[in-house]
Amino acid sequence: MQTSSTQVEKELGGHFDSHGGPQFLGNSFNTSGAPIHFNFNSDDKLPAKICELPDFILSPYFTGRGDKLQKIDRVFSTSSGDLPPRCIIHGIPGVGKTQLALQFATLAFQRGQYPYMFWVSAVSVEKATQDFCKIADLVRLPGRYTLDQASKLTMARAWLEDSTAARNWLVVLDNVSEETAVILRDILPRGDCGGRLLMTTRTATIADVFTASGASSQLALQSPGIGDAVAMLSAGVNLEREGREEVSHADAERLVQLVRKLPLAIDQAASYMRETGSGLQEVLDIYKSDKAPEASKSNGKYLEFTAG
Ligand SMILES: Nc1ncnc2c1ncn2[C@@H]1O[C@H](COP(=O)(O)OP(=O)(O)OP(=O)(O)O)[C@@H](O)[C@H]1O
Ligand SMILES: [Mg+2]
């Protein structure tokens with residue numbers, strides 16, 4: 001029954017049904033970016049596929065980044081023998097690191113490239129540990145009911161390192177901080193065991209540290225070029241709507257330049273236009289007159305990124 005299945009999903013953090021195979025429930029993540037929920041019969045049987053992506057969804061307005069997605073694929077097609085290949089995306093807040101990682105994971109899962117997909121929020125030691133331990137639950141390791149977190153971490157790592165099983169897994173470690181980088185060095189799997197690690201961090205130094213340990217490539221994410229930035233704005237708001245104004249490409253360029261082409265700020269400008277029905281010219285006037293906070297009261301980050 002749908003209700004009890006949902007309860008079990010919540011309790012175990014995994015996703016199960018009574019059909020012994022993957023099943024799409026409600027929010028299929030193929031179209032909406034929400035997680036796919038899989039259901040399986042046997043309590044200790046490894047699911048054929050696991051896609052444990054976060055609750056927050058891929059932006060419905062995701063645009064561009066094709067070259068970066070290809071680069072991640074290239075990094076992951078290499079093999080070092082000593083460590084799972086790692087790709088470390090780094091860049092300033094709001095530049096789109098998490099969205100890029102989520103888009104890569106979504107597409108790779110849809111292609112069947114990585115049937116085992118795990119997301120670890122590395123924003124704090126507590127969260128990273130909790131998410132890493134959850135891998136033991138999701139793959140149904142027999143010892144998963146232990147209360148000993150250290151042994152759960154060890155068994156999750158051992159499962160990932162099991163090269164004889166030749167499982168293709170992808171672990172995304174989102175928002176690695178200085179604090180979490182230290183513990184990750186101990187808990188991350190070693191050996192070229194068929195898995196891949198995709199990491200995001202705001203800190204270039206952390207990217208350097210992980211790169212120095214080998215099998216790693218950095219991807220320094222910048223704001224998109226002007227064409228992609230305008231495309232992001234256009235994806236988020238229908239610039240031609242209702243004949244309110246003649247679409248001016250030059251105005252769109254001016255607006256994205258004003259917010260330094262930062263995806264977070266472009267998204268905020270687009271949301272403001274969607275919510276208020278304002279046109280490009282109006283928004284430009286607001287931003288130029290330094291009243292931008294009205295456009296983004298819900299997010300204090302905005303002003304950091306507007307042009308001075
Ligand atoms: N490629 C994209 N297309 C459209 N919108 C995007 C894209 N990348 C990012 N955005 C928008 O920018 C917002 C911020 O992106 P994201 O959360 O990925 O940034 P981040 O670099 O991970 O920031 P932080 O360092 O704070 O975690 C997203 O919520 C989304 O609205
Ligand atoms: Mg992020």
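This is a short talk about how one predicted protein model is put together, from its overall make-up down to a few single residues.

Hi everyone, thanks for coming. Please keep in mind throughout that we are looking at a predicted model.

Let's start with the whole chain. The protein has 308 residues, and 40% of them count as buried. Its secondary structure comprises 12 helices and six strands. If you take the contacts with a separation of 6 or more, 71% of them join residues 24 or more positions apart.

Now, the core. The largest nonpolar core holds 72 residues, and the members that touch the most others are A105, M117, L233, I266 and A269. Where does this core lie relative to domain 1 and domain 2? It lies between them, because both domain 1, which covers 56-141 + 149-220, and domain 2, which covers 226-305, give residues to it. As background, nonpolar side chains in soluble globular proteins tend to be buried together.

Take I266 as a way into that core. Setting aside neighbours within four places in sequence, I266 is in contact with A229, M232, L233, V256 and V259. You will recognise L233 from the list of best-connected core members.

Next, two helix pairs. The first is α3, residues 66-76, against α4, residues 97-110. Their axes are 10 Å apart and they pack at an angle of about 65 degrees. This crossing is right-handed. On the α3 side the contact uses K68, L69 and I72, and these meet L100, Q103, F104 and L107 of α4. By type, that contact is made of five nonpolar residues, one polar and one charged.

The second pair is α10, residues 249-258, with α12, residues 280-288. Here the angle is about 30 degrees, and the axes are again 10 Å apart. The crossing of α10 and α12 is left-handed. α10 brings D251, A252, R254, L255 and L258 to the contact, while α12 brings L280, Q281, V283, L284 and Y287. That makes seven nonpolar residues, one polar and two charged.

Let's zoom in on L255, which sits in α10. Is L255 buried or exposed? L255 is buried, because 24 other C-beta atoms lie within 10 Å, and the cut-off for buried is 20 or more. Beyond four places in sequence, L255 is in contact with L233, A269, L280, V283 and L284. Two of those names, L233 and A269, were on our core list as well. L255 and V283 are 28 residues apart in sequence, yet their C-alpha atoms are 8.0 Å apart in space.

Now for a residue in a loop. S223 is in the loop between β6, residues 216-220, and α9, residues 226-236. S223 counts as buried because it has 23 C-beta neighbours inside 10 Å. Not counting residues up to four places away, S223 touches V95, A229, R260, K261 and L262. The C-alpha atoms of S223 and R260 are separated by 7.7 Å, although the two residues are 37 apart along the chain. A229 links back to the core story, since I266 is in contact with A229 too.

What about a lysine? K152 is in α6, residues 149-161. With 23 C-beta neighbours inside 10 Å, K152 counts as buried. Apart from neighbours within four places, K152 is in contact with C133, A136, R144 and T146. The C-alpha atoms of K152 and F132 are separated by 8.7 Å, with their positions 20 residues apart along the chain.

Last, a backbone point. Most residues other than glycine have a negative phi. Two residues here that go the other way are R65 and N175. For R65, phi is near 65 degrees, and this residue lies in the loop between β1, residues 50-52, and α3. R65 counts as buried because it has 20 C-beta neighbours inside 10 Å.

N175 also has a positive phi, near 65 degrees. Its place is in the loop between β4, residues 169-174, and α7, residues 178-187. N175 counts as buried as well, because it has 21 C-beta neighbours inside 10 Å.

To leave you with one picture: the largest nonpolar core lies between the two domains, because both of them contribute residues to it. Thanks for listening!

Terms used:
Residues are numbered from 1 along each chain as its sequence is written. Chains are lettered from A and ligands numbered from 1 in the order in which they are written. This is a predicted model: local features need pLDDT of at least 70, side-chain atom pairs count only at pLDDT 80 or more; totals for chains, interfaces and linings use all residues. Helices (H or I, at least four residues) and strands (E, at least two) are DSSP runs, numbered from the N terminus. A residue is buried if 20 or more other C-beta atoms lie within 10 Å of its own, exposed if 12 or fewer, and partly exposed in between; C-beta atoms are placed from the backbone. Two residues are in contact if their C-beta atoms, placed from the backbone, lie within 7 Å. A nonpolar core is a set of buried Ala, Val, Leu, Ile, Met, Phe, Trp, Tyr and Cys residues joined through C-beta atoms within 7 Å. Domain bounds come from an automatic or database domain assignment. Axes are lines fitted to C-alpha atoms, for helices over the stretch in contact, and angles run from 0 to 180 degrees between N-to-C directions. A crossing is left-handed if the near helix is turned anticlockwise from the far one by less than a right angle, and right-handed if clockwise. Ala, Val, Leu, Ile, Met, Phe, Trp, Tyr, Cys and Pro count as nonpolar, Asp, Glu, Lys and Arg as charged, and the others, Gly among them, as polar.
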